[in-house]
Amino acid sequence: MKGFPLFPEIASTIASGVDLLYFFLTGVTAFFSILIFGLIFYFAVKYRRRPDQPPPEPAEASHAPSHYGLEIAWSVVPFVITLVMFTWGARLYVANSRVPDQAMDVYVVGRQWMWKVQHPNGRSEINELHVPLGQAVKLTMASQDVIHSFYIPAFRVKQDVVPGRLTTMWFEPTKAGEYHLFCAEYCGTYHSGMVGRVVVMQPEDFQKWLGGVTEESPVQMGEKLFSAFDCVNCHATGARQRGPQLGGLYGTEVMLQDGSKVKFDENYIRESIVNPNAKIVSGFAAVMPTYRGQLSEEQILDLIAYIRSLTPEGGVRKE
Ligand code: CUA
């Protein structure tokens with residue numbers, strides 16, 4: 001973490017692939033820039049006006065190409081090169097967007113001007129993110145105020161953190177050590193101070209670091225909020241049930257009133273809390289009040305963690 005190296009360290013599974021594409025793009029750009037500028041100078045000197053020669057006749061204006069081979073070459077070659085860039089970039093993007101199933105869940109809330117990180121067992125940290133080596137980590141991120149961007153150069157990952165919705169990103173560290181963490185979206189006066197560090201630890205060190213917490217886990221806090229805000233009243237079986245039971249719904253598709261389907265994921269849960277009438281599950285009425293402004297983004301993430309953990313039998317799955 002010292003000095004100003006030209007490139008950040010390569011510390012995640014996707015970093016080398018991103019670098020390779022980056023070098024390819026830079027190489028192609030450099031090659032054509034040098035070629036074009038070189039030719040401009042070469043032709044400018046070679047075909048300069050000489051004092052003893054009369055100016056040439058104006059070239060005849062014509063719509064027919066004067067050299068088919070040349071015209072086809074300078075259309076087809078760039079086309080192929082840009083297609084290679086597109087395919088390569090798209091494949092990398094798709095591969096890097098797919099979160100592995102066994103990824104560890106970490107919640108992040110950005111606000112002016114700090115990052116709050118919440119681990120599944122309850123341990124939380126500010127402007128720091130501790131993760132175990134060789135384990136895929138999925139970040140679910142919310143913003144309490146303006147747009148921020150969570151950026152770890154050594155992992156080659158960056159994702160905007162946007163108010164009003166949740167965004168996710170994932171990475172798998174391949175090298176123990178400390179790395180920079182930046183906010184990469186201008187978010188006000190102290191944007192430049194919204195920095196921190198990511199610490200990649202050996203798995204057994206990480207377990208030690210995690211252990212011995214007395215704080216409540218997001219699932220436990222979510223469970224408390226679930227009863228404190230009386231969610232449990234309407235989302236339960238029995239005579240008073242007015243909303244869908246939530247156990248086992250996470251990750252499935254639910255049917256809406258208009259017959260369309262929606263994935264029951266983090267963003268749908270969040271939307272249903274702040275704007276319950278946006279997408280109502282088929283068979284239920286629009287009776288749920290909005291909780292916009294009553295819950296912080298952190299509390300919403302806790303509720304999501306709790307709802308995710310609910311089993312169809314009504315129990316709570318251990319993380
Ligand atoms: Cu937060 Cu810039």
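The exercises below concern the overall form and the nonpolar cores of a predicted model of a protein chain.

**Exercise 1.** Determine how the radius of gyration of the protein chain stands against the value for a compact globule of 319 residues.

*Solution.* Begin with the reference, which for a compact globule of 319 residues is a radius of gyration near 20 Å. Next take the value for the protein chain itself, which is 28 Å. Then set beside this the spans of the C-alpha trace along its principal axes, which are about 100 × 50 × 35 Å.

**Exercise 2.** State what secondary structure the protein chain contains, and what share of its contacts between residues at least 6 apart in sequence joins residues at least 24 apart.

*Solution.* The secondary structure consists of seven helices and 12 strands. Turning to contacts between residues at least 6 apart in sequence, 64% of them join residues at least 24 apart.

**Exercise 3.** Describe burial and surface in the protein chain.

*Solution.* Taking buried to mean under 20% relative accessible area, one finds that 34% of the 319 residues fall in this class. The exposed area of the chain comes to about 19,000 Å², of which carbon and sulfur atoms supply 60%.

**Exercise 4.** Identify the residues that touch the most other members of the largest nonpolar core, and examine the surroundings of L139.

*Solution.* The largest nonpolar core has 32 residues, and those touching the most other members are L129, L139, F150, I152, F155, F171 and V198. Strand 10, residues 196-201, gives the most to this core, contributing four residues. Leaving aside residues up to four places away in sequence, L139 touches V106, V108, L129, F150, T167, T168, M169 and F171. Apart from this core lies another, of 29 residues, which includes L225, I273, Y291 and Y306.

Notes: Residues are numbered from 1 along each chain as its sequence is written. This is a predicted model: local features need pLDDT of at least 70, side-chain atom pairs count only at pLDDT 80 or more; totals for chains, interfaces and linings use all residues. Side-chain values use heavy atoms; hydrogens and water are left out. Helices (H or I, at least four residues) and strands (E, at least two) are DSSP runs, numbered from the N terminus. The radius of gyration is taken over C-alpha atoms; the globule rule is 2.2 Å times the number of residues to the power 0.38. Buried means under 20% relative accessible area, exposed over 50%, partly exposed in between (1.4 Å probe, protein chains only). Contact means heavy atoms within 4.5 Å. Accessible areas come from the Shrake-Rupley method with a 1.4 Å probe; for residues, only the protein chains shown count as cover. A nonpolar core is a set of buried Ala, Val, Leu, Ile, Met, Phe, Trp, Tyr and Cys residues joined through side-chain atoms within 4.5 Å.
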